[in-house]
Amino acid sequence: MTFDNILQAINLLSIVKTGVLILIGLFTVFLFIVYLKINALSKIVTQDNSTGLKIIIFILIILSLSLFLMALVIL
Amino acid sequence: MTDLFVAPEIKKEEAKTAAAKTKPGEVVAGKNVGLFSAFRIRPGNVSFSEQDDDEIIYLFLRRHFITNVLWVITSIVMGIIPLIIYLTVKSNFLPFPVPPGYLVILTSFYFLIVLTYIFINFLNWFYNISLVTDKRVLDLDYSDIVYHDVALTKLSLIEDVTYIQSGFARSLFNYGDIIIQTAGEKLHFDFLSVPDPKRGADIIENLMGGDHDI
């Protein structure tokens with residue numbers, strides 16, 4: 001394996017890593033938008049169950065953030 | 001002369017207690033709307049932002065839950081796919097080795113996407129609501145996360161109420177569309193795939209006629 005090949009491999013890996021991090025980051029932002037939407041809709045029509053939905057989306061956001069941090073550490 | 005028909009006598013006490021329970025015109029709140037409820041008369045735990053103090057919600061409608069079957073099956077398949085790949089395909093099917101860190105992160109991310117897919121589809125069903133009160137009709141349409149449309153019209157502006165129930169699944173599970181034609185800016189309100197459309201249409205017609213005894 002030549003030095004150029006190694007450099008190429010390193011670059012490719014860093015590109016993949018950055019891509020994965022951006023993807024998970026964007027996904028977290030998307031989940032936050034969903035949370036805001038639930039908030040807005042709950043104000044239009046109030047239902048008791050919407051609190052449960054807010055908790056679920058909150059859990060999903062936390063999971064996504066944890067995954068982002070995990071990816072940052074592991075990759 | 002013998003009597004052909006004798007009406008059964010109603011006990012006075014029973015009649016008194018029944019009268020004491022409900023006064024004429026009084027509205028008793030029905031059952032609360034559950035997480036999977038699609039049809040509820042006089043829901044106890046629902047209100048909307050523009051509701052007047054003396055306004056009573058008589059009918060709460062959502063799409064029949066059976067209409068969710070497509071995305072439920074898709075979600076199950078999406079959830080099973082990684083397991084099938086793991087069991088059937090050899091671990092070294094890729095031409096290059098995948099670091100275990102990437103495998104963990106990407107698998108977790110995949111399942112997070114599946115969970116979000118389920119959640120968003122559920123939200124699409126949950127927030128597509130139609131309400132009928134003693135004063136007006138409200139139709140909340142929600143789709144594609146960023147889009148929602150709230151339409152309101154007074155009962156006095158409603159011209160015609162019809163329902164359509166065609167197809168095998170609709171007949172089997174008793175759901176269909178209620179179409180309300182109005183004289184307002186929005187020409188018709190469509191309550192799509194709601195359970196028991198005949199009863200729903202009857203209730204709306206009764207409310208239009210001022211009959212609140214549903």
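Student: In this predicted model, how many residues does each chain bring to the contact between chain A and chain B?

Tutor: Happy to start there, with the predicted model in view. Chain B puts 27 residues into the contact. The share from chain A is 25 residues.

Student: Which element gives the largest share of the side of chain B that touches chain A?

Tutor: Several elements of chain B take part, and β2 (46-48), α3, β5 (136-143) and β6 (147-154) each supply at least two residues of that side. One of them contributes twelve residues, the largest share. That element is α3(B).

Student: And how many residues on that side of chain B are nonpolar, polar or charged?

Tutor: Sorting the side of chain B that touches chain A by class gives eight polar residues and no charged ones. The nonpolar residues on that side number 19.

Student: Where do strands of the two chains pair, and what is the bridge partner of A:V45?

Tutor: Look at strand β1 (residues 45-47) of chain A, which pairs with β2(B) in the antiparallel sense over three bridges. A:V45 has its bridge partner in β2(B). That partner is B:F48.

Student: What is the order of elements in chain A from the N terminus on?

Tutor: Chain A has two helices and one strand. Read from the N terminus on, they run α-β-α.

Student: Are α2(B) and α3(B) roughly parallel or antiparallel to each other?

Tutor: Helix α2 (residues 69-88) and helix α3 (residues 100-126) of chain B have axes 10 Å apart and pack at an angle of about 175 degrees. Angles over 145 degrees count as roughly antiparallel. Therefore α2(B) and α3(B) are roughly antiparallel.

Student: Which residues of α2(B) make that contact with α3(B)?

Tutor: On the α3(B) side you will find B:T107, B:Y110, B:V114, B:Y117, B:I118 and B:N121. By class, the residues of this contact are seven nonpolar, four polar and no charged. From α2(B) come B:W71, B:S75, B:M78, B:G79 and B:P82.

Student: Is strand β4 of chain B mostly covered or exposed, and how many of its residues are buried?

Tutor: Strand β4 covers residues 129-133 of chain B, and it is mostly covered. Of its five residues, the number buried is four.

Student: Which residue of β5(B) is the bridge partner of B:I129?

Tutor: Let's place β4(B) among its partners. Strand β3 (residues 57-61) of chain B pairs with β4(B) in the antiparallel sense over four bridges, and there B:L59 stands opposite B:V132. β4(B) and β5(B) also run antiparallel, joined by four bridges, with a hairpin of two residues linking these strands. In β5(B), the partner of B:I129 is B:L140.

Student: Why is one side of β7 and of β9 in chain B left without a neighbour in the sheet?

Tutor: The sheet is open, with three strands in the order β7-β8-β9 (chain B) and antiparallel pairing. β7 (158-164) and β9 (188-195) stand at its edges, so each has a single partner strand.

Student: Which residue in β9(B) stands opposite B:I180?

Tutor: Strand β8 (residues 175-182) of chain B runs antiparallel to β9(B), and six bridges join them. Opposite B:I180 in β9(B) stands B:F189.

Student: Which helix packs on this sheet?

Tutor: The helix in question touches β7, β8 and β9 of chain B. Its direction makes about 165 degrees with that of β7(B). It spans residues 197-208 of chain B and is α5.

Conventions: Residues numbered from 1 in each chain as written. Chains lettered and ligands numbered in written order. Predicted model: local features only at pLDDT ≥ 70, side-chain atom pairs only at ≥ 80, totals over all residues. Axes fitted to C-alpha atoms, helices over the stretch in contact; angles between N-to-C directions. Parallel < 35°, antiparallel > 145°, perpendicular 65-115°, else oblique. Contact = placed C-beta atoms within 7 Å. Nonpolar A, V, L, I, M, F, W, Y, C, P; charged D, E, K, R; others polar. Pairing = 2+ DSSP bridges. Buried ≥ 20, exposed ≤ 12 C-beta atoms within 10 Å, placed from the backbone.
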